[in-house]
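Biologist: I am new to this structure and should like to understand the reasons behind the terms applied to it. May I ask you to set each term against its criterion?

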Amino acid sequence: HAPSTESSMRSSRAAARSVTASARQTLVRAVRSEWIKLRTLRSTWVTAVITLVMTTGIGALATVITSKPEYFGSGSWKMAILGAPFGQIIVAVLGALVITGEYSSGQIRSTLAAVPRRTRVFAAKSLVIAIWSFLLGVISLLLSWLVAAPFMGDEAPSFSDTHIVGFIWGTGLAFAGIALLSLGMGYLVRSTAGAITVVVVLLFIISIPLSLMAMKWHWAANVSSVMPSSVVQSVTDPFTVSGQTTWADTNPSLFLTHTQAVLIFGAWVLVPLIAGWFVFSKRDA
């Protein structure tokens, strides 16, 4: 009976190792878990629909209206990104909800029990929301072009134009950046309302008083030009063709070059994100 007992023990150990291996956490499994949580939330699909409607609808409407020969004609496609700021607000809301919703419901404890390594949780959430937001931006601009083109007749632009493609991937990158900025704020303040308020103020509200102050003080114009609401346009309009914003590359009197604006936008995304990771890794759930 000894050989059969030893064989049985080996089988039991092999089975235990198999179970342990299957239960081992990896980044891929953490990402899959975060994706399941994201796609099963009603707020994910509600915000997605609102983003598509706002970004696509406003962009397509502006493109069609300005396609008249007395306006921009074939150059009206440059108006397609007019809806992007509204979409940025919505992805900012979603970016905050991804983490603050877990804190408010207490689900964050279950998340950390399943994936004890906080850096892995942080990386998985960041990756999932960034990809989702990027796709929302890309799809929004694609739909804007597809909706507007049939109404523009001979003025419809060719999709082979690299500037149009730049709008599409640029808007995707801007959406991903704004979502990550909001996610970082969510980790810092642990409040949905607080995170959204901070991001909306940075993106839109603070630019109003700064624009008024810029009429009198030059320093206010410089401060306004480095705010997220300004530098994000260097990403949504990577080839600077819309005419909404110009940079020091073509106008030396301005404060920033296009490259500097892109780098500053990256800093606006990374600083809150890194700060959020530091606080999340050190603070109790």
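Biologist: Why is α7 described as largely enclosed by the rest of the structure?

Modeller: Please bear in mind that this is a predicted model. Of the 28 residues of α7, 21 are buried, so the helix is largely enclosed by the rest of the structure. Buried here means under 20% relative accessible area.

Biologist: How do you know that the span of helix α7 is close to the expected one?

Modeller: Helix α7 covers residues 162-189, and from its first C-alpha to its last it reaches 40 Å. At 1.5 Å a residue, 40 Å is expected, so the span agrees with the definition. Just after α7, R190 takes a positive phi of about 55°.

Biologist: What makes E102 count as buried?

Modeller: The relative accessibility of E102 is 5%. The cut-off for buried is under 20%, so E102 meets it. This residue lies in helix α4, residues 84-105. Leaving aside residues up to four places away in sequence, E102 touches several others, including E34, K37 and K125.

Biologist: Why is the pair of K37 and E102 called a salt bridge?

Modeller: The closest N and O atoms of K37 and E102 are 2.9 Å apart. The limit is 4 Å between a side-chain nitrogen of Lys or Arg and a carboxyl oxygen of Asp or Glu, so the pair qualifies. K37 lies in helix α2 and E102 in helix α4, so the salt bridge ties together parts that are 65 residues apart in sequence. K37 is buried too, because its relative accessible area of 16% is under 20%.

Biologist: In general terms, why can such pairs form?

Modeller: Side chains of opposite charge can pair when their charged atoms come close.

Biologist: What separates E34 and K37 along helix α2?

Modeller: They are three residues apart in helix α2 (residues 27-39), which means a separation of about one helical turn. E34 forms a salt bridge with K37, with the closest N and O atoms 3.0 Å apart. Both E34 and K37 are buried.

Biologist: Which parts does the pair of E34 and K125 tie together?

Modeller: The side chains of E34 and K125 meet in a salt bridge of 2.9 Å, N to O. E34 belongs to helix α2 and K125 to helix α6 (residues 118-152), so the pair ties together parts that are 91 residues apart in sequence. Both residues are buried.

Biologist: How many salt bridges does a search of the whole structure find?

Modeller: The search finds four salt bridges. Among the pairs are E34 with K37, E34 with K125 and K37 with E102. K37 lies in helix α2 and E102 in helix α4. Salt bridges that share partners join E34, K37, E102 and K125 into one network.

Biologist: How many cavities of 30 Å³ or more are counted?

Modeller: The count comes to one cavity of 30 Å³ or more. The largest cavity has a volume of about 100 Å³. Its lining has 12 residues, of which W77, A80, L141, W145 and I164 lie nearest the centre of the cavity. The elements that give two or more residues to this lining are α6 and α7. The largest share, five residues, comes from α6.

Biologist: Into which classes do the residues of the lining of the largest cavity divide?

Modeller: The lining of the largest cavity divides into 10 nonpolar residues, two polar and no charged.

Definitions and conventions: Residues are numbered from 1 along each chain as its sequence is written. This is a predicted model: local features need pLDDT of at least 70, side-chain atom pairs count only at pLDDT 80 or more; totals for chains, interfaces and linings use all residues. Side-chain values use heavy atoms; hydrogens and water are left out. Helices (H or I, at least four residues) and strands (E, at least two) are DSSP runs, numbered from the N terminus. Buried means under 20% relative accessible area, exposed over 50%, partly exposed in between (1.4 Å probe, protein chains only). Contact means heavy atoms within 4.5 Å. On a 1 Å grid over the protein atoms alone, a cavity is a set of points where a 1.4 Å probe fits but cannot get out, and a pocket is an open set with protein on both sides within 12 Å along at least five of seven lines; lining residues have an atom within 4 Å of a point. Grid points are joined across faces, edges and corners, and a volume is the space filled by probe spheres set on the points. Ala, Val, Leu, Ile, Met, Phe, Trp, Tyr, Cys and Pro count as nonpolar, Asp, Glu, Lys and Arg as charged, and the others, Gly among them, as polar.
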